[in-house]
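Reader: I should like to discuss the model shown below. Please explain the criteria as they arise.

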Amino acid sequence: MIDILRREVIYFWYYFSIQFEQIFKYWVLGMVLGSVISVFFKENIHRAFRSMGEKKLGIVGIFAASILGIASPLCMYGTIPIAASFSKSGMKDDWLAAFMMSSILLNPQLIVYSAALGRTALIVRIAASFICGSLAGVLVRIYCAGKNRDSFFNFSGFEEPESRDVAPNILFRFLKNFGRNIKATGGWFLAGIVLSALFQRYVPADAMTAIFGGNKAFGVLMAATIGVPLYACGGGTIPLLQGWLLGGMSMGSAAAFMITGPATKITNLGAVKIVLGIRRFVLYLIYVMVFSFLTGLAVNLVVHI
């Protein structure tokens with residue numbers, strides 16, 4: 001019995017150490033980039049979005065808003081108060097929808113994390129997030145086209161939060177933000193590597209291929225579905241995705257998981273429910289699931305790994 005346990009520990013440590021060595025640098029680089037943007041560029045990003053409201057960009061503004069949403073380093077609970085202030089200043093609902101949807105799916109820190117999955121997965125994730133945010137903005141624009149439409153969002157009670165990056169010393173301000181990033185993501189990062197090591201050791205590769213491999217719609221649907229309960233932190237899911245891709249998961253299935261995961265993360269759902277109300281919240285869930293499924297199918301038609 002002792003020999004069996006010792007053997008399993010050795011195998012686990014082998015898989016764990018490989019995953020850790022492969023992903024650790026991306027985790028650190030992601031936190032550094034996230035802290036740099038949050039401390040030095042966050043206000044510039046939000047100022048650029050506010051200035052868009054003064055220009056007649058039309059539907060082009062939706063695409064710009066989606067890009068700025070990806071560039072914003074805030075979590076969803078931080079994004080909504082900012083979006084509330086944008087709304088009060090007269091920002092259009094379609095632009096806000098694009099900004100918030102993209103912000104839910106991706107941020108600069110997660111972009112760096114996702115580089116650990118390879119160039120193809122990174123491109124797919126960025127493109128899918130941009131398209132998802134832009135399409136959400138277009139749909140809200142169509143919905144609000146009627147003259148008697150109420151605002152799509154309800155931001156009552158939300159006030160723009162005070163920035164925590166206020167230390168007078170720039171270096172100290174950066175280090176405090178970096179420390180908050182470690183505290184927020186470190187546990188999930190290690191948990192993701194542990195789960196990935198367990199998957200690699202105890203789940204046969206042919207089982208992963210049978211479930212998520214190939215161009216089968218079932219694999220994409222399964223990946224979109226498990227993204228709902230499994231996604232807790234973006235950094236924590238990168239080791240899982242890396243192991244699954246190595247085990248035979250198709251890129252389309254990975255794309256579906258990368259969309260439904262952050263979009264249905266429990267903390268994000270709570271924030272979205274507050275500003276949408278129950279009927280539009282249900283529409284949001286339908287949109288996310290349909291978009292992730294169709295995106296997964298489209299990616300599988302183009303990408304073969």
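Reader: How many salt bridges does the count come to?

Author: This is a predicted model, in which local features need pLDDT of at least 70 and side-chain atom pairs count only at pLDDT 80 or more, while totals for chains, interfaces and linings use all residues. Residues are numbered from 1 along each chain as its sequence is written, and side-chain values use heavy atoms, with hydrogens and water left out. A salt bridge requires a side-chain nitrogen of Lys or Arg within 4 Å of a carboxyl oxygen of Asp or Glu. By this rule the count comes to 1.

Reader: Which residue forms a salt bridge with Arg141, and is that partner buried or exposed?

Author: The partner is Asp94, with the closest N and O atoms 2.9 Å apart. The pair links distant parts of the chain, since Arg141 lies in helix α6 and Asp94 in helix α4, 47 residues apart. Residues are classed by relative accessible area (buried under 20%, exposed over 50%, partly exposed in between; 1.4 Å probe, protein chains only). Arg141, at 33%, is partly exposed, whereas Asp94, at 6%, is buried.

Reader: How many helices and strands are in the chain?

Author: Both are DSSP runs numbered from the N terminus (helices: H or I, at least four residues; strands: E, at least two). Read along the sequence, the pattern is α-α-α-α-α-α-α-α-α-α-α-α. The chain therefore has, on these DSSP definitions, 12 helices and 0 strands.

Reader: Which helix gives the most residues to the largest nonpolar core?

Author: A nonpolar core is a set of buried Ala, Val, Leu, Ile, Met, Phe, Trp, Tyr and Cys residues joined through side-chain atoms within 4.5 Å. The largest has 43 residues, of which Phe49, Leu96, Met101, Phe153, Phe155, Leu276 and Tyr284 touch the most other members. Helices that each supply at least two residues include α1 (2–52), α6 (119–143) and α11 (251–263). The most, 10 residues, come from α12.

Reader: Which residues does Phe155 contact, leaving aside its neighbours within four places in sequence?

Author: Contact means heavy atoms within 4.5 Å. In the chain, residues 24 or more positions apart account for 84% of the contacts with a separation of 6 or more. With those sequence neighbours left aside, the contacts of Phe155 are Ile80, Ala83, Ala84, Ser87, Leu96, Met100 and Val275.

Reader: How many residues of α4 are buried, and what is the distance between its end C-alpha atoms?

Author: All 13 of the 13 residues of α4 are buried, so this helix is largely enclosed by the rest of the structure. The expected span is 1.5 Å times one less than the number of residues. For α4 that gives 18 Å, which agrees with the distance between its end C-alpha atoms, 18 Å.

Reader: Which residues form a nonpolar patch on the surface?

Author: In soluble globular proteins, nonpolar side chains tend to be buried together. Patches are made of residues with over 30% relative accessible area and no salt bridge, like charges being joined within 9 Å and nonpolar side chains (Val, Leu, Ile, Met, Phe, Trp, Tyr) within 5 Å. One member, Leu283, is found in helix α12 (residues 266–302) and is partly exposed at 44% relative accessibility. With about 530 Å² of accessible area together (Shrake-Rupley method, 1.4 Å probe; for residues, only the protein chains shown count as cover), the patch is formed by Ile278, Val282, Leu283, Ile286, Val290 and Leu294.
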